[in-house]
Amino acid sequence: MPAARRRRLPDEVRAAAVRAWMSFSFTLVGLIVATLASYARTWLLTPALVAMAVGVFGTAWSLLEIVISRQIAAQRMRGPHANSPMAGSKQRRRPV
């Protein structure tokens, strides 16, 4: 049985995912710098902690952006007159 192919994510979702990974990686680098600066008792600790706090905020923002862009892409794929839970009913309405 061949493996099922996954559909490609829309471009705006992929871009949001890349931004989230970049933000997460910079946050991890900030964590490492803050840890090493605390061991060395150097002045770099305060800027590293500030950068890490900004990175955590940016990562959370990026994850929220992924969720929102996936919702928008899903609505765009369904179209305005599709049978969806957001349309109110799963049955087609009869024209009046």
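A residue counts as buried when its relative accessible area is under 20%. Met52, with a relative accessible area of 19%, is therefore buried. The structure discussed here is a predicted model. Helix 1 covers residues 11-40, and helix 2 covers residues 45-78. The points below deal with salt bridges, pairs of residues from the two helices, the largest pocket, a nonpolar surface patch and one loop residue.

**Salt bridges**

- Side chains of opposite charge can pair when their charged atoms come close.
- Three salt bridges turn up in a search of the whole structure.
- One of them joins the side chains of Arg76 and Glu12, with an N to O distance of 2.9 Å. Because Arg76 lies in helix 2 and Glu12 in helix 1, this pair ties together parts that are 64 residues apart in sequence.
- Arg76 is exposed, at 53% relative accessibility, while Glu12 is partly exposed, at 30%.
- Another salt bridge is formed by Glu65 and Arg19, whose closest N and O atoms are 2.5 Å apart. Here too distant parts of the chain are linked, with Glu65 in helix 2 and Arg19 in helix 1, 46 residues apart.
- Both partners are partly exposed: Glu65 has a relative accessible area of 27%, and Arg19 has a relative accessibility of 41%.
- A salt bridge also connects the side chains of Arg14 and Asp11, at 3.5 Å from N to O. Arg14 and Asp11 are three residues apart in helix 1, so about one helical turn separates them.
- Within this pair, Arg14 is partly exposed, at 37% relative accessibility, and Asp11 is exposed, with a relative accessible area of 52%.

**Pairs of residues far apart in sequence**

- Met52, the buried residue named at the start, belongs to helix 2. Its C-alpha atom is separated by 8.0 Å from that of Phe26, and the two residues are 26 residues apart along the chain.
- Ala60 is also part of helix 2. A distance of 9.1 Å separates the C-alpha atoms of Ala60 and Ser23, which are 37 residues apart along the chain.
- Ala60 has a relative accessibility of 47% and therefore counts as partly exposed.
- Ala15 is placed in helix 1. From C-alpha to C-alpha, Ala15 and Ser69 are 9.8 Å apart in space, although 54 residues apart in sequence.
- Ala15 is partly exposed, its relative accessible area being 31%.

**The largest pocket**

- Rolling a probe the size of a water molecule over the atoms shows where empty space is left.
- The largest pocket holds about 300 Å³ of space.
- Its lining consists of Arg6, Arg7, Arg8, Leu9, Pro10, Val13, Arg70, Ala73, Ala74 and Met77.
- Which element gives the most to the lining of the largest pocket? Helix 2 does, with four residues.
- Sorted by class, the lining has six nonpolar and four charged residues, and no polar ones.

**Nonpolar surface patch**

- Trp21, Phe24, Leu28 and Leu31 make up a nonpolar surface patch of about 420 Å².
- Leu31, one of these residues, is found in helix 1. Leu31 is partly exposed, with a relative accessible area of 40%.
- A residue needs over 30% relative accessible area to be part of a patch, and the 40% of Leu31 therefore meets that cut-off.

**Loop between the helices**

- Where does Arg41 lie? Arg41 is in the loop between helix 1 and helix 2.
- The phi angle of Arg41 is near 55°, which is a positive value in a residue other than glycine.
- Arg41 is exposed, with a relative accessible area of 77%. The cut-off for exposed is over 50%, so Arg41 falls in that class.

Methods: Residues are numbered from 1 along each chain as its sequence is written. This is a predicted model: local features need pLDDT of at least 70, side-chain atom pairs count only at pLDDT 80 or more; totals for chains, interfaces and linings use all residues. Side-chain values use heavy atoms; hydrogens and water are left out. Helices (H or I, at least four residues) and strands (E, at least two) are DSSP runs, numbered from the N terminus. Buried means under 20% relative accessible area, exposed over 50%, partly exposed in between (1.4 Å probe, protein chains only). On a 1 Å grid over the protein atoms alone, a cavity is a set of points where a 1.4 Å probe fits but cannot get out, and a pocket is an open set with protein on both sides within 12 Å along at least five of seven lines; lining residues have an atom within 4 Å of a point. Grid points are joined across faces, edges and corners, and a volume is the space filled by probe spheres set on the points. Ala, Val, Leu, Ile, Met, Phe, Trp, Tyr, Cys and Pro count as nonpolar, Asp, Glu, Lys and Arg as charged, and the others, Gly among them, as polar. Patches are made of residues with over 30% relative accessible area and no salt bridge: like charges are joined within 9 Å, nonpolar side chains (Val, Leu, Ile, Met, Phe, Trp, Tyr) within 5 Å. Accessible areas come from the Shrake-Rupley method with a 1.4 Å probe; for residues, only the protein chains shown count as cover. A salt bridge is a side-chain nitrogen of Lys or Arg within 4 Å of a carboxyl oxygen of Asp or Glu.
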